[in-house]
Amino acid sequence: MTLEQLYLALLIGGLVLLASIIATRAADRVGLPSLLLFLFVGVAIGNDGLGLDFSDVQLASDLGTTALAVILVEGGLTTKFANIRKLLAPAAVLATMGVVVSMAVIAVAAHLLLGINWQLALLLGAIVSPTDAAAVFSILRVLPLPRRVAGLLEAESGFNDAPAAIVVLMLSTTPLTIAPVHAIVDVVFELAVGSAIGLVAGLLGAMTLRRAALPASGLYPLATFGLGMVAFAAAAWVHGSGFIAAYLAGVVLANSGLPHRAAIRSFAEGLGWLAQIGLFVLLGLLVSPSQLPGELVPALLIGAVLLLLSRPLSVVASLIWFKVPWREQIFLSWAGLRGAVPIVLATFPIVEGVPDSYRLLNIVFILVVVYTVVQGPSLGLFAHWLGLISRDATREIQVEAAPLDVLEAELLTMTVQPESKLHNVSVLELRLPDPSVITLIIRKGETFVPQPDTRITVGDELLIVTTSKTRASAERRLRAVSRRGKLAHWFDEYGDSE
C-alpha cells in the first residue's frame with residue numbers, strides 16, 4: 001500500500017466513523033439500536049453500493065470475534081454487580097437452557113418450513129438464539145426498566161454469547177458427528193475454564209491496580225481494558241470460552257473499587273462504540289444486497305418463530321423455577337434483541353466450509369434488520385403497557401465528574417407528572433434521606449437552584465444527587481410522596497416497587 005492509498009483509506013475510514021456517530025443520534029430519537037445504521041453504512045459502501053470490494057469471510061470472522069470481545073469487556077466494565085447479584089442463577093439458566101430450547105425450536109421450524117438439512121437447521125437455531133450484548137446494552141442505557149428486569153437482560157446478554165459460540169463451532173464440523181455426552185462435557189469444560197480465568201484475571205488485576213501508583217491517570221483505563229482482553233485471549237488459548245472470560249473479568253474489575261472509575265467507564269464505552277461501529281460496518285460490507293431478496297420470506301418465517309414461539313418458550317422454560325412475574329417474562333420474551341452476535345456467528349460455518357452455509361448469513365442478516373426495526377422502537381411502549389415503567393421513574397445520568405466518583409455519588413433525574421402528589425410539596429417537606437439533595441430544578445425551560453421552601457410543581461424536572469448507598473431509599477421516598485403526598489408514611493406508603 002502506498003502512502004496515498006493509506007491516506008485515502010484513513011480518510012474513508014474517518015468519514016465512515018463520523019457518519020456512523022452522527023447516525024446514532026437519529027437512531028436514539030426513534031429507539032432503534034444504532035447497529036442498524038452501522039450495517040446500512042457498510043452496505044452502502046459495499047459491492048452493490050459505492051463499489052468497495054470485501055469478501056474475506058475469514059478476516060471478517062476474526063475481526064468480528066475480536067470486536068465481540070471488546071464489546072463484552074465494555075459490558076462487564078459498565079455492569080453494576082449489585083444489579084445482577086441476585087439474578088446470576090436465572091440469568092445463567094436463561095443463557096444456557098434458554099439457548100438450547102430456542103435452538104431446538106428454531107431447528108425444527110427451519111427443517112420443516114425451509115426444507116434445509118438438519119446440520120444447517122441446527123446451525124441456524126444456535127446462531128439466532130443468543131441475545132446481543134451491544135443491542136441490549138444500548139437499550140438499557142435509555143430505558144428506565146426495573147432493576148430486576150434490566151439486570152436479568154444485562155446478565156443474560158453477557159453470558160449467552162459463550163455457549164452459543166461453542167455450539168456453533170461444534171456444529172460446523174464436516175461431516176457432522178456429535179456424541180451428546182462428549183459435547184456436553186466440552187461445553188461445561190469451556191465455560192468453566194473461561195469463567196475461572198475471567199474471575200482470576202479480574203481479581204488479580206483489581207488487587208494490582210489498587211496498589212499500583214501509575215504515573216498518569218489515563219493509564220488506569222488502558223490497564224483495566226487490557227486485563228479484560230488478556231482474560232479473553234488466555235481463555236481462548238487454553239480452549240476455554242474467551243467470551244465468558246472477557247465479560248466476567250470486566251464485571252470483577254468494575255466492582256472492585258478501582259481508582260478513576262468514571263474515566264474507566266467512559267473509556268470502555270468509547271472503545272465499545274468503536275468496536276460496534278467497525279464490526280457492523282464490516283458485516284454490512286460482507287453482505288451482498290442483490291442476494292438478499294431470495295431469502296426474505298425464509299428470514300421472516302424464522303424471525304416470526306423466534307419472536308413468537310422459541311424466545312417465549314425459552315424464557316418460560318428457564319424462569320419457571322425462579323418465580324419471575326408473568327409481566328416480566330412477557331417483556332423478557334419480547335426484549336430478546338439480536339444484532340452483531342448472530343451475524344458474526346453466521347461466519348463460523350462459512351469459514352469451516354459447511355456446504356450452503358452462506359445462505360445462513362443472508363437469512364440472519366435480514367432477520368436481524370427486520371426484527372430489530374420491529375422490536376427496538378416498541379420496547380418502551382411495551383414496558384409501559386405491562387406496567388414495568390412508572391411515569392415518575394428516575395433514570396441514571398452518566399456524568400464526567402471526579403467528585404461524584406470519589407464520593408460514590410449518583411445523579412438522578414425525574415419529571416413530576418400531572419397525577420403526582422409531589423405537586424406543591426416543598427423541598428424541606430420532601431425529606432429526602434441524608435445526604436440526598438435536589439440540586440437543580442428545570443421549570444418551563446428555566447433552571448434554578450431550589451431553596452428549602454421552594455415548592456415543587458407539575459412539569460418540574462428534578463436533578464437529584466445521592467450516594468450509591470442511599471439511592472434506593474431516596475427513590476422509595478420519591479415514589480411514596482408521589483403516590484400519597486408528604487404524609488405518605490402516615491398512610492403506610494413507603495414507596496416500595498410494585
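Here a biologist asks a modeller about one helix and one pocket in a predicted model.

Biologist: How do you know that helix 5 reaches close to its expected span?

Modeller: Helix 5 covers residues 88-114, and its 27 residues take it 37 Å from first C-alpha to last, against 39 Å expected at 1.5 Å a residue. The expected value is 1.5 Å times one less than the number of residues, so 37 Å counts as close to it.

Biologist: Where does helix 5 bend, and by how much?

Modeller: At Gly98, by about 30°. That is the angle between axes fitted to the seven residues ending at Gly98 and the seven starting there. Just past the end of helix 5, Gly115 has a positive phi of about 70°.

Biologist: What describes the packing of helix 5 with helix 14?

Modeller: An angle and a distance, because that is how two packed helices are described. For helix 5 and helix 14 (residues 296-319), the angle is about 145° and the axes are 8 Å apart. The crossing is right-handed. As for who is in that contact, there are 21 nonpolar residues, five polar and no charged.

Biologist: What makes up the lining of the second largest pocket?

Modeller: It has 23 lining residues, and Gly13, Gly278, Val281, Leu282 and Leu285 lie nearest the centre. Helix 1 (3-30), helix 3 (57-77) and helix 13 (261-286) each give two or more residues, with helix 13 giving the most, eight. The space inside is about 600 Å³.

Biologist: Why is Gly13 not among the 19 nonpolar residues of that lining?

Modeller: Gly counts as polar here, so Gly13 belongs with the four polar residues of the lining. No charged residue is found there.

Technical notes:
Residues numbered from 1 in each chain as written. Predicted model: local features only at pLDDT ≥ 70, side-chain atom pairs only at ≥ 80, totals over all residues. Heavy atoms only, no water. Helix = DSSP H or I, 4+ residues; strand = E, 2+ residues; numbered from the N terminus. Axes fitted to C-alpha atoms, helices over the stretch in contact; angles between N-to-C directions. Left-handed = near helix turned anticlockwise from the far one by under 90°. 1 Å grid on protein atoms, 1.4 Å probe; cavity = no way out; pocket = protein on both sides within 12 Å on 5 of 7 lines; lining within 4 Å. Points joined across faces, edges and corners; volume = space filled by probe spheres on them.
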